[in-house]
Structures are given as structure tokens and as C-alpha cells.
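Hi everyone, thanks for coming. I'll walk you through one structure today, piece by piece, so have the picture open and follow along.

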Amino acid sequence: MNTTYFKYLLLPAALLSTVGFAQEVDEEDAAQKVNVAFRSVPQEDLLGGVSVLDYEELAAKNNNTYSLDNMQGYVSGFNGASLWGQTDYLVLVDGVPREANNVKPDEIAQVTFMKGAQAVVLYGSRAAKGVILITTKRGYDKDLEVKVSANTGWNVAKSFPEYLGAAEYMTLYNEALVNDGYSKKYSDEAIYNTYAGVNPYRYPNVNLYSSDYLKKAYNRSEVVAEFRGGAKRTHYYTNIGYMRQGDNMNYGNTKDDYVDRLNVRGNVDMQMADWISAFVDANVTFYSARSAANTDFWEAAASLRPNRVVGFIPTSYLDPNNPTTSDLMSTARLFNGGFIGAPSDPVESEYTNVIANGFAAGTSKYNSRHFEFSLGINLDLDRVLKGLTFKTMFAVDYATTYTTSYTDTYAIYVPQWGNYNGQEVITSLVKQNKDEHTGSQGVSGSTYEQTIDFNAHFDYNRSFNDVHNVSAMLLANGYQQSYSGQYHRTSNVNAGLLASYNYAHKYYAEFGSALLHSAKLAEGHRKGYSYSFTAGWNFAREAFLEGSIFDDLKLSASYSMLSQDIDIENFGMYAPDFNNNHDVWWGWGVGDSQQATTSRRGSNKNLDYIKRKEFSVTLQGALFEKALSFEASYFRTSTEGLIIVPNNLYPSYFSTYWPEASFVPYTNYNDDLRYGFEVGVNYKKQLNDDWMVGVGANMTWYDTEASKRDDSQYADAYQYRQGTQLDAIWGYECLGLFKSDDEVAGAPEQKLGENPKAGDLRYKDQNGDGVIDNKDVVNLGRGGWYGAPLTVGANFTLKYKGLSLFVLATGGFGGQATKSNSYWWIHGDSKYSAVVRDRAVVDPTTHQVTNASTATYPRLTTGSGSNNFVTSDYWLYDTDAFNLQKVQITYDFPASMFENSRVVKGISLFANGNSLLTVAKEKEILEMNVGSAPQNRFYQIGASVKF
């Protein structure tokens, strides 16, 4: 087999580093290359802070629908939300800032997770919180290969919120009114008729989570064709795919809701001469989402009360002797033999509803168009200086979104009911709104986004006496992103320098640096500097480990300081701000009134970059002829100089409360600390000709600390933020429920809004001042805002001949959250969820809680509930969970079946299940979405054919 160009199977031409396009390498060397910043590095020379995933190998046994799906199950240091506790990481696709959801799993060759500061220093400011580099597939020196794949699957909702039916709601709403000292709203007769279903249009009981409105499952199907190959001087790859997905809704126009996507991705690598090569990449994506107009179904399902939605009233309920109603019906739009009805006592907001919208409000279609283009040239300057190359890349991306719609209005009819001879009859109708269908298409929500990216670098790679390996890079890099409606562009511009040396792949030293520029800072302060030092030692190359079980055993340590402007939120924060955007007026006399201009912020031209200072140590190893590999890292990252308005550090006369004015400037002050460790282990062994086994396990743990804060506004040390975790949840310590009004009277005064009563929550007076207010807020727990503090992942592969089994599991532990959405915090006339069944029941005569020993929810109220619905440990729950994410069975037909075939070269079948099982104490909460589409389990089958 000709292996001249096989090396480039995994490497985008823009990132090739050590050799020219035409140099000979073998397949094993190619497979061990890892793409990092502007270059590729042999696996054996990879130092700490970087993890890599061979995505093509993974895709052969695990069919994903999203490019970064459950990556924490394969690599350590990434917990699904952050890299080493840093969110806001940069995603690069083939070296260009792009969205991960715009590259499909079947297009990807490799994913590199650059967690350590030393790994991202060359990228400049925007990459200071880590980089995920996605490398797409490319062609190679082989005859044309065609692969056609198709799959289809069904999404099945894990759970839906449980809400009370109309009769139970009405009963408990009456109870809430009595609790607040008011009379009942609903009569016993109305509640009984609702419960008995006497007339579902006069006494409605609508459940939007029923099969009347939702499907049991909906489909997702996809077909992909890949073309790949090349010759001596040209390699090519093309991917064409189409995906279509349905929706949960199952009524009216919503039955036809869908999402679809058409994409074409391609690239060509060209060797135009021995010393010059080039590449061209392009991608086009067309995405559409069709839906019934004005139908936010999930928000409505979580808020519309079951007795306030009528639906379609059959015309058979109309009084045939009433000519007025007959005249109205002569022009009315009917659906399923009925007209759009309303409650008999509607408010204006009930003149439309989500059910009627799904039938009569028209349709809308969200459209997204995404175009990507990259061009690169690589020069082998060996004739000028041995080992010298020059590479450059230019990319332009443009994306636009807009919504087209046919929006109709519709009439809704308010009935008045009577009873004739024991029969329910509509005695009169009042029409609200008009039936209008314009037939003209509207266009709205138009946005655009443009990215322009450029980099150029000289690379020097050379070995002396086969032991002294030297490499260097001099880099210019930058990109700019423009967004509709934003004056300032997102920019990242830097120069970079890399110098690296290793002796016989045994001792390593590397220095990286970047010179930055940021327009967010004042003139004269816009230049920044980043650097990193890394040293490594591969013990396995020492004589004392020769012949041992270790194929590789490398220890590396790094110290880095990165400057970044990611956390400088706006431009011009260094400048003073004078404006009159407030309600302050003045005048010289009576009747003379002019709007005042005041200072809202002082000037600080010394505002500076935020610094990421990091120390990390990594131990990597491979044993037993590389069947077993492991990686372990410790990191400690200090983010220094975060920007605040330090009001408490300036004399009080620098600001006034009214008129609101301030001369206090933005200042670099706060410091954050993140530290932790990661461990990853992988074992892969071909046991014999038939059996192969693979096992991977990883763990990432991190903690955070607010290492520097201005806490002078707090009188008590227990409220100091300095020294606490960055994701600390602050709230009140709950002592349970007040059992009686007498107990309320004898407790510290709770100044949290509404005065508490029996059945309300009681809080601890932390400072003993006899009052419950914000001075009693304490640290309740850790929110895990940067991903679970402890993340674990495991994957297992077992293969027998052509049959393989793949299992993936992940877990997250150590985080907490609060039950604070509308399912838990219920007040006013809001919809009641099932949790209120365990409410505190208050005797209206004695004002005592009658079920104090069993109540797990405060009393019901028609007020704001402000005393109860604040953050406290009463609402806290653990988010610990272990998830069985994927089980897939794949069968590859034996190659011998296709030896004599001139067309078909291989067939593969698979079946899988996704998000199959959650093991958690709070599983019900974790699997339930409120006000949004449900979480789903996904069951899929698919096949691929190679030609």
C-alpha cells in the first residue's frame, strides 16, 4: 500500500507542522498524531493539559447525533460544561471559531481537549479558558470510497410534570383564599360538576400533557453520503447529509411541526509542487424549523389553569331557537365540528390560547443558512533553511437567520350557559376578535453573523544527530466576528512564539508566548502578554526502565500566565460615563425644568487584562505494549484582576443614592481560584483473532474559591464571600413550618415581604437581632455552576468477530440546586402542581396547622408568597446522578462476503438506546423539565454500506 499521504487522513492542511505534504510516513505514525494549536504533535511527545479522542474509531461503534455528546464519558478534565472548571471555552472547527452544533459527528476525525493554559497560549486572549478543537475528515491516497449511511429513531419523553385536575385545583384555590382571609371563589356545585364531567365545555378540565395534545414518540431520521479518496497530488472528501425530526405536539397544525437540516461539507488537498501545497474547505448548512404560529406550548402547559381553557365547543350545544347564535355560527370557523370557545367570564388574555393557536393562528418557519470557506497554502522552505516551512490560512464564515410566517387572527366565542329540561344549552354568544387570513408571508427576526479568520506562521522542525529535536514557531493570528445589532465586533489578535526542545524524546522543554491586543482597554494599555513554561521527563526512555512493562511514562510540569479580555464585558469600561438617562430634573425657577446630566462612573485608564496564572503537573503512561494507558493531572488556576465597581473601597462621597450618581470607576480587584485533579485509564486488547475488549474510565474533580473579595459591606463573618466557593448557594436556613399564628408571634420578625402565618416557612436568626432579613443569609451549599464537582465516565467495548457491544455511562456528584421554578414556587392564581397535595393545612378557626408532622409544602396562598419563595435550604436538593447514556450493538458483515463484489465493499448494521437510565435520589426532579420540551430517551437503528 502506498502510504505517502496517509498521514494526512486526520490532519487538516492548515495544521500540518513537521513535514511537507509529500514526505513518506507510515499509517501508525499518522494515527498517533494529535492536533494542537497550529500544529500536530506525535502522541509520544504530547505534554500535559491535552486529551484527544479518535472520533472515527468511536463512531464505528457509537452513533451520535451531536458532535460533543457525552464527551465526559471518554476524556478526563472535561465535565460537559467546563475544562478544568473553566466555562466559556473556545470551540474551533479546523482551526476556525465555529459552533460545535454545526459540524456533524459523521464529519469528524478527531477532537482535542486543550485544558491547560500551556496548550492554548498561542491562540491568544479568547482561548484563555480552554479550547476544544474539532478536526474534520479529509481525503487520502486511495481509490474513491463511497459510504452511504441511514438511520432512524424515536424520541420518547422521560417524564412530564404532574398538575392537578380542574376540580382539585378549584378546591385548593378556595383553600388558599380562606388561608388569606377571603371568601371562596368556586361553589361546591361547580366543583362537583367539574369533577363529574357533566359538561366539559362549561366546566372544563384540560390536561395539556394528555394524548389529546402529545404524541407518545416522534421520529428522527437521517441519511448521509460520504465520498473520499485521492491520488498522488490531490486528496478529496465530501459529506452530504439530510436530517428530519418531528415534534411532541399532536394537534392542529402542530402535528406537522418539524426540524430539518441539509448540509454539504467538502475539502480538497493539493500538492502543486514538491515545495508547495494548498487546501480548500467549504461547508454549507441549511436548517429549518417549522411550527404552528404563536404556540409556546410548553410554557402554556406549565401555566394555563385546567379550568380556564375550553377548547372547541360543539355546535350541538347552541340553542336552536336563538337566531343570534345561528347568525354568528354562519360565518364562524369550525374545527372538528366545534367553534373556539372561552370561559364564561374571560379576561382579555384568554381571548387567545395555545390550543386555538395550534389550529387557527397560522404557521411560522425559522430558517438558518450557514456558509463556511477556508483556504490555505503551505510552503516547504527546506531550500532556504532545512526544516523551515511556512503555512497560512484564511477563512470566511457567514450565517444568517430569519423567520417566515403566515400569521392569522381568529374569533373566539364567549358562551353563557343555561339548562333547559335538564340539558346544558348555550343561551347566548359574544364574539371576540376577528377571523382574518391575509395570505401574505411575513419575514421577521433577521440576523447575521460573520467570522473572518487569518493566521500565518513560520515553523522550524529539525533533528540533530537523531537526538536533539528542535522546533519553533513564529505566528500571526487573528479573527473577528460581527453580529447584527452589535456595533463592536468580537476580536482576537495576537502574535505568538513557540520554542520546543527534546533530547531523544526523553527530556522536554517548551516555551510558548503571545503578544496580545485588546480594544476594550484604554490606549496605551491595550498590549498584553502571555507565556508558559513546560518541562517533561519520559522515564520509560531511561536505562533503568528498559525492558519493563512501561512503554511510556512521562512526567511534565507547567507554569503559565495568560492575559485575557473575555471577562471584560463591554468596550469603554475604562472611560467615565456622563448621561441623562434617568429621572432627575432641575431648574432655575418655578416652571423651569431641565433634565440633569450626572456622572454614573469614574475613569480608570489603568484598567488591565484579567490574568490566568496556572500550575499543573501531569503523569502519562502506557504499559503492556500500549494495551493499557493512563493520564493523571493536578491543576491550580488563579484568575486575578476580575473587574468590579468597588464602592466600598472609595469614600462615601464618591457616590450618591439620589440623585443616583457615582465617580467610582471599574477596577481590577476580585480573584478566583480553581484547583483539582483528573485521572483517565484506557485498556484495549485484541485477545485473539475473534475477540477484542476495550475499557475506559475517567474521573475529574475540581473545587473553587473566591480568593479575593471586598467583604466590607457585610457585618458578620459568616456572610463573607472571600474563602467560599464560587458556586456557593446563598440563602436562609429554614427551621421548618410555623405550626400556629401564636408561634409566628413569638418568633423573630421575618421581613421578607408578606407577613408570615401558620403554615409558612420559619428561618433562623443568624445574628440574633430579632429580625430575619438579608443579614441572615448564609452559605447553603454548592451549585455546581461549572459542571458537577466530581464527574466520572466509563465506556466498555466487547467485540466478537463482526459483532460488537458498546456501553457508555457518566455520573456527576457534589452539586446542589434549588426547587425554584413554577412547579415548586406557586402563588397567586398560578397552576397547581402535584407537590401542593402535601401542603400545610391550616384550620381557619384555630389558625393552627393540622398536619404539621407530615406537611412537606407551605400553606397555599393567593398572595405573592414572598416569605416562602426565597432561596433557602428548604428548597435545596442534590443533583448527584449516575446515567447509563448509551448501549449500542453493531454488526459488521464479514469482509469475505464482498471479496468478489465490484460494487459493495462492506455493510454494517446497528441498534442503540440513548439516555436509558438515571440512578439518583432526586431522579424525578432531574428528569423533569418545566416550561420547556421534555428530556427524551432515544432509540435508534441504522445501516451503512461501503462502495
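**Strands, a helix and a pocket**

Let's begin with strand β30, which is joined to strand β33 (residues 667-686) by 16 bridges, with the two running antiparallel. If you want one pair to look for, E640 sits opposite D671 in β33. Before I go on, please keep in mind that this is a predicted model.

Now look at the other neighbour I picked for β30. Strand β29 (residues 610-623) runs antiparallel to strand β30 (residues 628-644), and 13 bridges join them. How many residues lie between β29 and β30 in their hairpin? Four, and F624 in that turn has a positive phi of about 55°. Right by the turn you can find L623, whose bridge partner in β30 is L628.

In case pairing is new to you: strands of a sheet pair through backbone hydrogen bonds, and they can do that either parallel or antiparallel.

Okay, next stop, β23. Strand β22 (residues 507-517) pairs with β23 in the antiparallel sense, over eleven bridges. Within that pairing, A509 has A535 of β23 as its bridge partner. β23 is also joined to strand β24 (residues 550-564), antiparallel again, by eight bridges. There, W537 has L555 in β24 as its bridge partner.

What I like about β23 is the pattern of its side chains. They alternate along the strand, which covers residues 527-538. G528, S530, S532, T534, G536 and N538 point to one face and are buried. K527, Y529, Y531, F533, A535 and W537 point to the other face and are not buried. So try colouring every second residue there, and you should see the two faces.

Let's move to β15, residues 362-380, where we find Y366. S364 is in β15 too. Is S364 buried or exposed? Its relative accessible area is 17%, and buried means under 20%, so S364 counts as buried. Y366 has a relative accessible area of 34%, so Y366 is called partly exposed.

Who do these two touch? Leaving out anything within four places in sequence, S364 is in contact with A289, R290, S291, A292, A293, T403, T404 and S405. With neighbours up to four places away again not counted, Y366 touches Y287, S288, A289, T401, Y402 and T403. As for distances, the C-alpha atoms of Y366 and V259 are 9.2 Å apart, although 107 residues separate them in sequence. S364 and I907 are 543 residues apart along the chain, and their C-alpha atoms are separated by 40 Å.

There's also an open sheet of five strands, with the order β3-β6-β7-β4-β5 and mixed pairing. β3 (50-54) and β5 (96-97) stand at the edges with a single partner strand each, so one side of each has no neighbour in the sheet. The partner of β5 that I'd point out is strand β4 (residues 90-93), joined to β5 by two bridges and running antiparallel. Look for V93 opposite V96 in β5.

Time for a helix. α4 has 14 residues, which at 1.5 Å a residue should span 20 Å; the end C-alpha atoms are 20 Å apart, so that agrees. α4 is mostly covered, with eleven of its 14 residues buried. Among the buried ones are A166, Y169, L172 and L177. What does the covering? α5 (188-196) is part of it. E168 is also found in α4, residues 166-179. With a relative accessible area of 30%, E168 is partly exposed. E168 and R837 are 669 residues apart in sequence, but 9.5 Å apart in space, C-alpha to C-alpha. And just after α4, G181 takes a positive phi of about 85°.

Last one: the second largest pocket, with a volume of about 1100 Å³. It is lined by 44 residues, and N70, K158, Q885, S915 and Q935 lie nearest its centre. Which strand gives the largest share of that lining? That's β46, with five residues. Several strands supply at least two residues each, including β9 (218-230), β42 (803-813) and β47 (936-946). By class, the lining has 13 nonpolar, 27 polar and four charged residues.

That's my tour, thanks for listening!

Methods
Residues numbered from 1 in each chain as written. Predicted model: local features only at pLDDT ≥ 70, side-chain atom pairs only at ≥ 80, totals over all residues. Heavy atoms only, no water. 1 Å grid on protein atoms, 1.4 Å probe; cavity = no way out; pocket = protein on both sides within 12 Å on 5 of 7 lines; lining within 4 Å. Points joined across faces, edges and corners; volume = space filled by probe spheres on them. Nonpolar A, V, L, I, M, F, W, Y, C, P; charged D, E, K, R; others polar. Buried < 20%, exposed > 50% of the residue type's maximum accessible area, 1.4 Å probe, protein only. Expected span 1.5 Å × (residues − 1). Contact = heavy atoms within 4.5 Å. Pairing = 2+ DSSP bridges.
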